[in-house]
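The exercises below are to be worked with the sequence and the coordinates side by side. Each task is followed by a solution that proceeds in steps.

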Amino acid sequence: MSTIESVEEFRLRARSWLEENMPVLPAGTQVEPNYGLGSDEEELAEVQRNRDLQRRLFDGGLAGICFPKEYGGQGLTPAHAQAFNEEIVGYEFPDKIQVPTFTPCAAVLLEFGNEEQKQNHIPAILKGEEIWMQFLSEPSGGSDVAGAQTTAVRDGDEWVLNGSKIWTTGAWWSDWGLCLARTNWDVPKHRGLSVFMLKIHQPGIEVQRIEMLNGSKEFCQEYLDDVRIPDSDRIGEVDDGWTVGTGWMFYEKSYAISPLTVRPEAARGQSSRTKNPLLERARDAGRLDDPVARDLIGEARALSLAYRSLGTRVAKGIGAGKMTSHAAALARVMVAEETIRTATIEFELTGSSAVAWNTDDTKAAGAGVSFLMRQTTAIAGGTTEMSRNAISERILGMPRERTMDKDIPFRDVPRGPSAGAAPGDRS
Ligand SMILES: Cc1cc2nc3c(=O)[nH]c(=O)nc-3n(C[C@H](O)[C@H](O)[C@H](O)COP(=O)(O)OP(=O)(O)OC[C@H]3O[C@@H](n4cnc5c(N)ncnc54)[C@H](O)[C@@H]3O)c2cc1C
């Protein structure tokens, strides 16, 4: 029986490899999302940088710590992944491709893909060669995932897809999409879905970028017009996409506690190589001795510790089979609460420069933009309202929400005027 490297041995190996191979972040900074606010050239350079860093990790034997060895991963445990998250604090890392490429997309492939699909895609993902996105939300709505109207019709060994997906982060610079589509309109909505993998840049797919009020073009809408894909790109059984979809939603909700993604997390008591940004903001504003500022910093710290403890408890509970997978909704709500409150505290500590920042003041700009974008954490990956539904119905056992469309063929479910006609229906 082969034994695996101990967590401490692994930690030391990772530490010395990181010191020799990974770029150190400038003191006092951390990898920050840019919310698609830079130029296209900057965004593409950042994506390429992420691919290169991921390749570097792969070549160094440190990519995919909890991915099976047969697909290029390290075959180690969540405890090893946690040690790696602690060691990578203060270094650049491929942050942009963690979510959704590793969680939920690669997690779904690992659980539901067949051997050929896993061999074809997991090593490529771990090498930074394939970036994946979720083709889930539709113009008709994102919360009612099972109400997908994008349609796939079988034609011999191929499927022909038509419809539209929306709010896909970075589809224009990504390679593959995990796509939920309706394959049967004559059964209730949960029973007529299938999941496909979709090469994004191919004939029939038009990727349009959505420009938001703040100038960000992070999101895309895709129009699928007779897109032909082979049946070998179907994940799971025909019309049984909800089985895959249920797992997919679980991984989507648990991105913040997934051992498949890398997230720098200073260990308790560890003197972090990065400075606490909230302390930095208070210091810059001359408020280190201000009791209000100190209270806010303490509040953020308490929230962060509570969030980490909850995340660890939920991940362990689900892993040990002591908690239902729906408990991922607890971590999903908490990550939003923590992020939103911390962004608000950072904004308050930064002061007026975060309201109207000079373009060269990157700290104030970061605090201002994070504050403006804070609510997205409660929406992306399924809203916190939907997670609260899951907590009340699936964990606390409260009565299920009434649904009018559960037991009737999807074709007969009333749809809004903007929805297209079902296949075979006269519009
Ligand atoms: C930063 C970001 C990144 C995203 N990236 C992607 C992506 O890559 N791919 C992708 O497919 N989508 C993506 N999305 C879209 C996201 O998944 C959807 O916005 C989300 O699922 C909600 O769907 P919706 O916006 O259509 O709102 P709706 O479903 O129309 O909901 C509107 C409001 O009603 C509430 N609501 C709806 N139904 C219920 C209910 N039954 N009970 C209680 N409240 C309810 C919702 O919580 C919400 O507040 C992203 C969104 C954000 C903000």
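**Exercise 1.** Which exposed residues are carried by the face of α2 turned away from its buried side?

*Solution.* The model is a predicted one, and the work starts from the buried residues of α2, which are Glu43, Val47, Asn50, Arg51, Leu53, Gln54 and Leu57. Seen down the helix axis, these buried residues of α2 fall within an arc of 165°, so they line one face of the helix. This spacing can be read against a general rule: an α-helix has 3.6 residues a turn, so residues three or four places apart point the same way. On the face of α2 turned away from that buried side, the exposed residues are Glu41 and Asp59.

**Exercise 2.** Check the length of helix α2 against its expected span, and state what its buried residues pack against.

*Solution.* Helix α2 covers residues 40-59, which is 20 residues, and at 1.5 Å a residue it should span 28 Å. The C-alpha atoms at its two ends lie 29 Å apart, which agrees with that expectation. The packing partners of the buried residues of α2 are the helices α1 (7-21), α3 (78-87), α4 (98-112) and α5 (115-126). Just after α2, Gly61 adopts a positive phi of about 70°.

**Exercise 3.** Find the cis peptide bonds that lead into Pro100 and Pro104, and place each proline.

*Solution.* Val99 and Pro100 are joined by a cis peptide bond with omega of about 5°, and Pro100 belongs to helix α4. From Thr103 to Pro104 the peptide bond is likewise cis, with omega near 15°, and Pro104 also sits in helix α4.

**Exercise 4.** Where are Trp167 and Asp239 located, and what is the phi of each?

*Solution.* Trp167 lies in strand β3 (residues 158-169) and has a positive phi near 65°, although this residue is not glycine. With a relative accessible area of 46%, Trp167 is classed as partly exposed. Asp239 is in the loop between β8 (234-235) and α6 (241-253), where its phi, again positive in a residue other than glycine, is near 70°. The relative accessible area of Asp239 is 22%, and this residue is therefore partly exposed.

**Exercise 5.** Describe the nonpolar surface patch that includes Leu396.

*Solution.* The patch is formed by Ile395, Leu396 and Met398, which together have about 280 Å² of accessible area. Leu396 is situated in the segment after α11 (384-395). Because exposed means over 50% relative accessible area, Leu396 counts as exposed at 58%.

Methods. Residues are numbered from 1 along each chain as its sequence is written. This is a predicted model: local features need pLDDT of at least 70, side-chain atom pairs count only at pLDDT 80 or more; totals for chains, interfaces and linings use all residues. Side-chain values use heavy atoms; hydrogens and water are left out. Helices (H or I, at least four residues) and strands (E, at least two) are DSSP runs, numbered from the N terminus. The expected span of a helix is 1.5 Å times one less than its number of residues. Buried means under 20% relative accessible area, exposed over 50%, partly exposed in between (1.4 Å probe, protein chains only). The arc is that of the directions from the helix axis to the C-beta atoms. Contact means heavy atoms within 4.5 Å. Patches are made of residues with over 30% relative accessible area and no salt bridge: like charges are joined within 9 Å, nonpolar side chains (Val, Leu, Ile, Met, Phe, Trp, Tyr) within 5 Å. Accessible areas come from the Shrake-Rupley method with a 1.4 Å probe; for residues, only the protein chains shown count as cover. A salt bridge is a side-chain nitrogen of Lys or Arg within 4 Å of a carboxyl oxygen of Asp or Glu.
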